[in-house]
There are 2 protein chains.
Amino acid sequence: MTLLVGEHDVLRGPPQRKTRAEELRAQLADDIVRGALAPGQTLDEMDLARRFGVSRTPVREAIRQLAASGLVDTRPHRGAVVARPSHERILGMFEAMAELEALCAGKAAERMTPAERQTLETVHEELRVLIHSGDPQRYHEVNEAFHAAIYAGAHNDYLAEMTFATRTRVQPFRRAQFRLLGRLAKSHVEHDQVVEAILRGDRAGAFAAMHAHIITVGEEYEAYAKSL
Amino acid sequence: MTLLVGEHDVLRGPPQRKTRAEELRAQLADDIVRGALAPGQTLDEMDLARRFGVSRTPVREAIRQLAASGLVDTRPHRGAVVARPSHERILGMFEAMAELEALCAGKAAERMTPAERQTLETVHEELRVLIHSGDPQRYHEVNEAFHAAIYAGAHNDYLAEMTFATRTRVQPFRRAQFRLLGRLAKSHVEHDQVVEAILRGDRAGAFAAMHAHIITVGEEYEAYAKSL
DNA sequence: TGCCGCCGGATTGCATACAAAGGCAGGCGT
DNA sequence: ACGCCTGCCTTTGTATGCAATCCGGCGGCA
């Protein structure tokens, strides 16, 4: 999941990927978020160490940091597994995400600079083109950039990081929905409401539009989960 | 900072304090939040290892986890220091905390069970008595319990954890205000508004009251910070 | 005199070795 | 036959030693 915004945005700070532990952390986080590592899968230290050609020490550090960020669960002397939150908890995460994203959108409506508003429009327009491209991966990347632009526009780094972290933690459970190509057009209409409200500086409107957007995303997850 | 709610609440899960790394993490986090370790202070691995009578390995793990939770900053090959966020960032944290706490209060107004409402009233009443006790430490503990009760009443563990984490990260920068004993009575009046709104199931009212309460807390921090 | 580069010390990052705790299977007793 | 206990084995937790990187001071040079 590579954000278009690059390596220096507020969401991760300077690129510290110089130590092996940090590289591993990034790699494992990516694998979890992308679904290459399924929830519930055990993370064997020796196995990972062999696979990445390092010793157990950096592997352990990576796992601990992932545990602190909520992507994996660890229990003393019992190893680590990719986090598998309960259905209730996932719903709670969607609820929290709706509020956080809406909050960012509301603040962005008030605080975005003209340049930031223009960037948002540009990304939004790029998404519109991508609806018909048949490239879900690319759409997903630009969609992330769209939301990241709003986080940045809120001008509150702490809030932005928290919202991004929540989005990351939810990501493993909403991968399927990008298969439903019909969703993209509807999603873009919802984005439209958000962008319009932000551009006109309408805090309440941006909040409401983004809230509805994320709630819809959550409902589609729920419908998908129920179909299993 | 020991919460009254005990060791099994949702805010930390089961008591895993069996490994040395975990004990150290808890100890250091406590020292940072309580101000025994000041922001900017360097955390020397060897020094800590000697002081706690362990090797560097668990010390390193503890520091990494604290870094992931935001209480310390680390840079590769350059050691770790207790986090010293910029003034702007602290204001952002207060803003986010206001929204999160208000959100919890609003959800609590809708969702609290009768038993939870009663507990909230009890804790609130205990705080009233403590205003005049002249024991700021005790007041602080019960105050934390008050807010924790509201988090729990929101019936969203993820949201509760996020809010609690934010409160924890802000804590080092609002210690001074408990010295101002005059603040306690005003704080209790604000709590009153929150409790009343929650008890009558008034989501918007609870949200607004809690939001105002936290904003006030933030403003008092700002006034204090400016006086330095 | 001031700046640049090199070198030594100190600290962190990583690897390896050892200790300890949990899980499982087999055997024993009831 | 079933359940419990015990001992081994696997995996994690901790200690220690070595390598790599950063910081400060020193000396050379313009």
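Of the atoms of DNA strand D within 4 Å of the protein, what percentage belong to sugar or phosphate? The figure is 72%, and the rest belong to bases. Keep in mind on this tour that the model is predicted.

**Stop 1: DNA strand D.** Select DNA strand D and the protein around it. There are 20 surrounding residues, and the closest are A:Arg60, B:Arg20, B:Ser55, B:Thr57 and B:Arg78. Colour this surface by class to find nine charged, six polar and five nonpolar residues. Next, show the helices: α3 (56–69) of chain A, α1 (20–34) of chain B and α3 (56–69) of chain B each supply at least two residues of the surface near the strand.

**Stop 2: individual contacts.** Select B:Arg20, where a polar backbone atom is 2.4 Å from a phosphate oxygen of DNA strand D. Move to B:Arg78: here a polar side-chain atom lies 2.8 Å from a phosphate oxygen of the strand. Then select A:Arg56, which has a side-chain N or O atom 2.9 Å from a base nitrogen of DNA strand D.

**Stop 3: the second largest pocket.** Leave the DNA and select A:Glu99, A:Leu103, A:Phe207, B:Glu99 and B:Phe207. Of the 20 residues that line the second largest pocket, these are the closest to its centre. The space in this pocket comes to about 510 Å³. Both chains take part in the lining: α4 (87–111) and α9 (203–226) of chain A, and α4 (87–111) and α9 (203–226) of chain B, each supply at least two residues. Coloured by class, the lining shows 10 nonpolar, six charged and four polar residues.

Note on methods:
Residues are numbered from 1 along each chain as its sequence is written. Chains are lettered from A and ligands numbered from 1 in the order in which they are written. This is a predicted model: local features need pLDDT of at least 70, side-chain atom pairs count only at pLDDT 80 or more; totals for chains, interfaces and linings use all residues. Side-chain values use heavy atoms; hydrogens and water are left out. A residue is near a molecule or strand if one of its heavy atoms lies within 4 Å of it. A polar contact is a pair of N or O atoms within 3.5 Å; within protein, one must be able to donate a hydrogen and the other to accept it, and residues adjacent in sequence count only if both atoms are side-chain atoms. Helices (H or I, at least four residues) and strands (E, at least two) are DSSP runs, numbered from the N terminus. Ala, Val, Leu, Ile, Met, Phe, Trp, Tyr, Cys and Pro count as nonpolar, Asp, Glu, Lys and Arg as charged, and the others, Gly among them, as polar. On a 1 Å grid over the protein atoms alone, a cavity is a set of points where a 1.4 Å probe fits but cannot get out, and a pocket is an open set with protein on both sides within 12 Å along at least five of seven lines; lining residues have an atom within 4 Å of a point. Grid points are joined across faces, edges and corners, and a volume is the space filled by probe spheres set on the points.
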